[in-house]
Amino acid sequence: MGNDFDFRNGSIGNFILTGACIAHNGDVNTAIFVFRKLCGISGNVWPSSLDSDLILSASLKDGGRLAPQDAITKMSDKDAGVGVRGIELTREHGQLPTANPAALEAIERAGLIAFGPGSFYTSILPHLLVDGVMDAVGRANCPKVFIANILQCRETLGMTLGDVAAAFGDTWRSRGGGRFPSLQVLANQLLFPFEKTVGVFPYLVDDLPKDSAHVSVVEELEDAWSRGQHDGDVVADRLLMIARAYETACND
């Protein structure tokens, strides 16, 4: 992590996971199991890869390059204004990132696969670059849902929902993912026609064309008390409705 790592900005959960990982000879899956037992968590959160030498980099539209992940997340205002052209996930010696078998199994058994919300280029797209993940998503017999962010961020400054969906599809096709799966897109409804911001970031505008291959579901997803953030209960209810509707259709 380097000598300049600032522990004050770290996550307690990540520190506990790191300690558990070290205690179990670098086995992340076992560390997650220990964390679950410690906190009484019933679900699983599997990393898409167990490789410890992954490097995420981003190419900018002016030819610039940012690496590793934290440099992309904390990019300057100038770089944010230029915009990200694409990302690459590599290992130190050039091998393809390998998938976590537990993650692939979870994808195969999923009743619904949700992408987002989260930092688009550093938290959502990188998983598609892990060898085997796209194939597993493509085979999974369940609805695929993209939950759009409510706000733009440094990574998506100046982008619309249509731009984000296009970048998602471009990444899928460029990595040989075959036919891009139809997504149901959950987008926040903007009640007012004028641009508004939370802090310095504008809201993400839904401009998906009506003839898009994706089905856009637009409703008010924003937390009434925390502007710019999703109402978790509303999003969870919508995802459960989508999963139940898909299951019912398959059983008819």
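Okay, let's start with a proline: Pro-68 sits in the loop between β2, which is 65-66, and α3, which is 69-73. Just so everybody knows, what's on the screen is a predicted model. The reason I'm pointing at that loop is the peptide bond running from Ala-67 to Pro-68, which is cis, with omega near -5 degrees.

And there's another cis bond to look at. Scroll along to Gly-116 and Pro-117: the peptide bond joining them is cis too, and omega there is about -5 degrees. Where does Pro-117 sit? In the loop between β4 and α6, and α6 is 120-124.

While we're on backbone geometry, have a look at Asn-25. Its phi comes out near 55 degrees, so to speak on the positive side, and Asn-25 isn't a glycine. You'll find Asn-25 in the loop between α1 and α2.

That takes us to the two helices themselves. α1 covers residues 12-23 and α2 covers residues 28-39, and they pack at an angle of about 125 degrees with the axes 8 Å apart. α1 and α2 are therefore oblique to each other. As for handedness, the crossing of α1 and α2 is right-handed. Who makes the contact? On the α1 side you've got Gly-13, Ile-16, Leu-17, Ala-20 and Cys-21, and on the α2 side Val-28, Ala-31, Ile-32, Phe-35 and Leu-38. Sort those by class and the contact of α1 with α2 has 9 nonpolar residues, 1 polar and no charged ones.

Right, sheets. One of them is open and made of 3 strands in the order β2-β1-β3, with antiparallel pairing. β2 and β3 are the edge strands here, each pairing on one side only. Zoom in on β1 and β3: they run antiparallel and 7 bridges join them. If you want a spot to click on, Ile-55 stands opposite Thr-90 in β3.

β3 also gives us a salt bridge. Asp-51 forms one with Arg-91, and the closest N and O atoms are 3.7 Å apart. Which parts of the chain does that pair link? Distant ones: Asp-51 is in the loop between α2 and β1 (54-60), Arg-91 is in strand β3 (residues 84-91), and the two are 40 residues apart. In total, the structure holds 10 salt bridges.

Now the other sheet. Here 4 strands form an open sheet, the order is β4-β5-β6-β9, and the pairing is parallel. At the edges stand β4 (113-115) and β9 (215-219), each with a single partner strand, so one side of each has no neighbour in the sheet. On average, neighbouring strands in this sheet are turned by 25 degrees against each other, direction ignored.

Let me take one pair out of there. Strand β6, residues 184-188, pairs with β9 in the parallel sense over 5 bridges. For a landmark, look for Val-185, which stands opposite Ser-216 in β9.

Last stop is a helix on that sheet. α8, residues 161-174, lies across β4, β5 (144-147) and β6, and α8 runs at about 135 degrees to β5.

That's my tour, so over to you for questions.

Note on methods: Residues are numbered from 1 along each chain as its sequence is written. This is a predicted model: local features need pLDDT of at least 70, side-chain atom pairs count only at pLDDT 80 or more; totals for chains, interfaces and linings use all residues. Side-chain values use heavy atoms; hydrogens and water are left out. Axes are lines fitted to C-alpha atoms, for helices over the stretch in contact, and angles run from 0 to 180 degrees between N-to-C directions. Angles under 35 degrees count as roughly parallel, over 145 as roughly antiparallel, 65 to 115 as roughly perpendicular and the rest as oblique. A crossing is left-handed if the near helix is turned anticlockwise from the far one by less than a right angle, and right-handed if clockwise. Contact means heavy atoms within 4.5 Å. Ala, Val, Leu, Ile, Met, Phe, Trp, Tyr, Cys and Pro count as nonpolar, Asp, Glu, Lys and Arg as charged, and the others, Gly among them, as polar. Two strands pair if DSSP finds at least two bridges between them. A salt bridge is a side-chain nitrogen of Lys or Arg within 4 Å of a carboxyl oxygen of Asp or Glu.
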